[in-house]
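The two exercises below are to be worked with the sequence and the coordinates at hand. Each gives a task and then a solution in steps.

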Amino acid sequence: MLFEDSFRRPEGSRRLLEDIHKLTEKTGPVRLMEICGTHTMAIAKAGLRTALAPDVRLLSGPGCPVCVTPSGEIDGILKLCDQPGVILTSYGDLLRVPGSVRGDTLLRRRAMGAEVKTVYSPMEAVELAASHPEAQVIFLGVGFETTAPGTAACILEASERGLDNFSVLCLLKRTEPALRTLIAAPDFAVDGFLCPGHVAAVTGADAFGFLPREYGLPAVVSGFEAGDILYSVWRLVSLLAEGRPALENEYTRLVAPEGNPAALAVIDQVFEPRASLWRGLGEIPGSGYALRPEYRRWDAAEKFGFTPGSASEVPGCRCGSVIRGVCEPADCPLFGKVCTPADPVGPCMVSSEGACAAAWKYRAR
Amino acid sequence: MKEIVTLDHGSGGLRTSELIEQVLLPAYGNAALNELGDGAVLSDLGGRPVFSTDSFVVTPWRFPGGDIGKLAVCGTVNDVCMAGGEPKYLSLALILEEGFAMENLRAIVASAAETAKACGVQIVTGDTKVVERGHVDGIYINTAGIGVLRAEGLGRGAVQPGDAVLVSGSVGCHGAAVMMARGDIPCEGTLLSDCRPLHELSRAALSAGGVRILRDPTRGGVATTLNEFVEHGPLCIELEEEAIPVDPAVATACDLLGLDPLYAACEGRMLAVVDPAHTDAVLAALHALPGGEGAVQIGRVTTSRPGQVVLNAAFGSRILGKLTGAQLPRIC
């Protein structure tokens, strides 16, 4: 049996489900938010949302990097393709996301002749720049604290090798300021947080300590197998039943309290916090990463005059509310009707980690 | 100096003849092909003909467990077999990029010839084109196949509630192996494609009786193929997640890339829907053959959710839709 399989087995899970049911008789139904898109997908795939209803309602948060990128920024990215001699490199997810014009995507631009390449690691983009000195290679840096260290490492690599034809369009985002904004919103109604194990592997579990400390909300850092998630939900419900908001780390096989010091150091060396625009949440101070002045030579935004469009979101599309956990995918009038993965309207239906894509792909019977 | 394919080899002139006589005929040679006419005149099939075609653009052209030559023969042979036919003859057309190494072409031709021989089919006609550098990626192949129908009445119309859904072995190996060969997975391993001809397995299943429909789950994988069995109809296929065989290496590779093995391509696996009274006989027949050792029942046909494929997993059931978009480009 694979190691990870032990977290997928249903044995023991039944007991947890029963116990969660008993605990919620005391607390009443609880609303928990998973912040991470990978959790959203794992929850949908395992059928946990249905298994936990109606005792526990799981809401998806702003944890899909593609989904929180506003369509104006996608328009700006699409414009970058038109620059002569540019090779745009990106993680696969972003290729299908439409800008403000439905159907206008990097995938379509590529079919029309733009140089767009999918990479699994940003280091592939650096190598591409080294082997194509005649071209300008831009890496689309999206993601949270998880992809920030790798992106930073690439900039250091390009700096060391003197690769002036490599640059990063830095759209990276930080988790904590977004969560604070979410909690401060008048329609916020969440009793506890399932915290993202991958982000915590970098930042450390302690980075989520502000949730119980400042807001009285229990938080559990969780892994991504069904067993991890179910156990974490059980812990959250237990903490709520005890009336004891605390931070716990379920994902100890990967996450240390203090995180990954090397990754944090490289982020700090290359980036500094700056304001960033989020779909559904608006502009949040300190919620993005900018390249520090000494690394601006590798900033694609400066180099190519990146100008995000001011496009408003598509009428009817409720991605912005889905991202905040205020509305569930099925509440959107477009869901499954005009908006499907084959012909998506909003990013939540495109991204492999989007709440709408998860709800559609793994729709329960 | 390395021998390469040039535009001259596709000119229809002297070099084309040389290519045919020195590379293709020695590998494929048979009475019908040796005539080198514009088409092959075949002997009477002795039954209703089954006809299929497929094109192959896989990159890289060589992958663990096979190459584009083997794949081009297996792909069409398997399509004829899944339609209930016994494959007899193939056409094989090459589209080559100038500069392609002749040594690699010989290897691909040899591999196609060997696979055809193993399947008992003859390559009786073909074509060779060469295009300018950059216009194809090394080599593309089209094959078409003719066989004789051995089983009447196969098809989705024959599927009944209560029928068993079987698979001949673990799923998703080809898709994962091609990813690995492309260097898309940042680790090393010995993941082999499941690329193999299905003529023996399909013959055995049909002989055991009770077969309603056969398909090889290529692009789109098991999930997409099973959807095609029931979509827009009154029946449902219910799968048991625990019963579906997935090689641990494939599961891990798919996990790393966020892919689902149920949507990853197979090139040597067979899905069969069979009368429940014949399930044991069909499984026993498959188990006795190479490539069928891992055959197992993975689900059954019901009427619970008309037109849909449902996966019964640890915490409940969910719908398995068809693949949306390309999970992976150019795997076959």
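**Exercise 1.** In this predicted model, determine which residue ranges the domain assignment gives to each domain of chain A, and describe the side of domain 1 of chain A that touches domain 2 of chain A.

*Solution.* Start from the assignment, which places 4-65 + 176-249 in domain 1 and 71-174 + 263-304 in domain 2 of chain A. Next, taking the centres of these two domains over C-alpha atoms, one finds a separation of 31 Å. The contact, for which C-beta atoms placed from the backbone must lie within 7 Å, takes 11 residues from domain 1 of chain A and 17 residues from domain 2 of chain A. On the side belonging to domain 1, α8 (175-184) and α9 (197-203) of chain A each supply at least two residues, and α8(A) gives the most, with 5 residues. Finally, sorting that side of domain 1 by class yields 7 nonpolar, 3 polar and 1 charged residues.

**Exercise 2.** Establish the order of the strands in the open sheet of chain A, and explain why β4 and β6 of chain A each have one side without a neighbour in the sheet.

*Solution.* First, the 4 strands follow the order β4-β3-β5-β6 in chain A, with parallel pairing. Because β4 (115-118) and β6 (166-170) of chain A stand at the edges and each have a single partner strand, one side of each lacks a neighbour in the sheet. Neighbouring strands of this sheet are turned against each other by 25 degrees on average, direction ignored. Looking at one pair in detail, strand β3 (residues 86-90) of chain A is joined to the parallel β4(A) by 4 bridges, and A:Ser90 has A:Thr118 of β4(A) as its bridge partner. As a last step, add helix α7 (residues 148-161) of chain A, which packs on the sheet by touching β5 (136-141) and β6 of chain A, its direction making about 155 degrees with that of β6(A).

Terms used:
Residues numbered from 1 in each chain as written. Chains lettered and ligands numbered in written order. Predicted model: local features only at pLDDT ≥ 70, side-chain atom pairs only at ≥ 80, totals over all residues. Pairing = 2+ DSSP bridges. Axes fitted to C-alpha atoms, helices over the stretch in contact; angles between N-to-C directions. Contact = placed C-beta atoms within 7 Å. Domains from an automatic or database assignment. Nonpolar A, V, L, I, M, F, W, Y, C, P; charged D, E, K, R; others polar.
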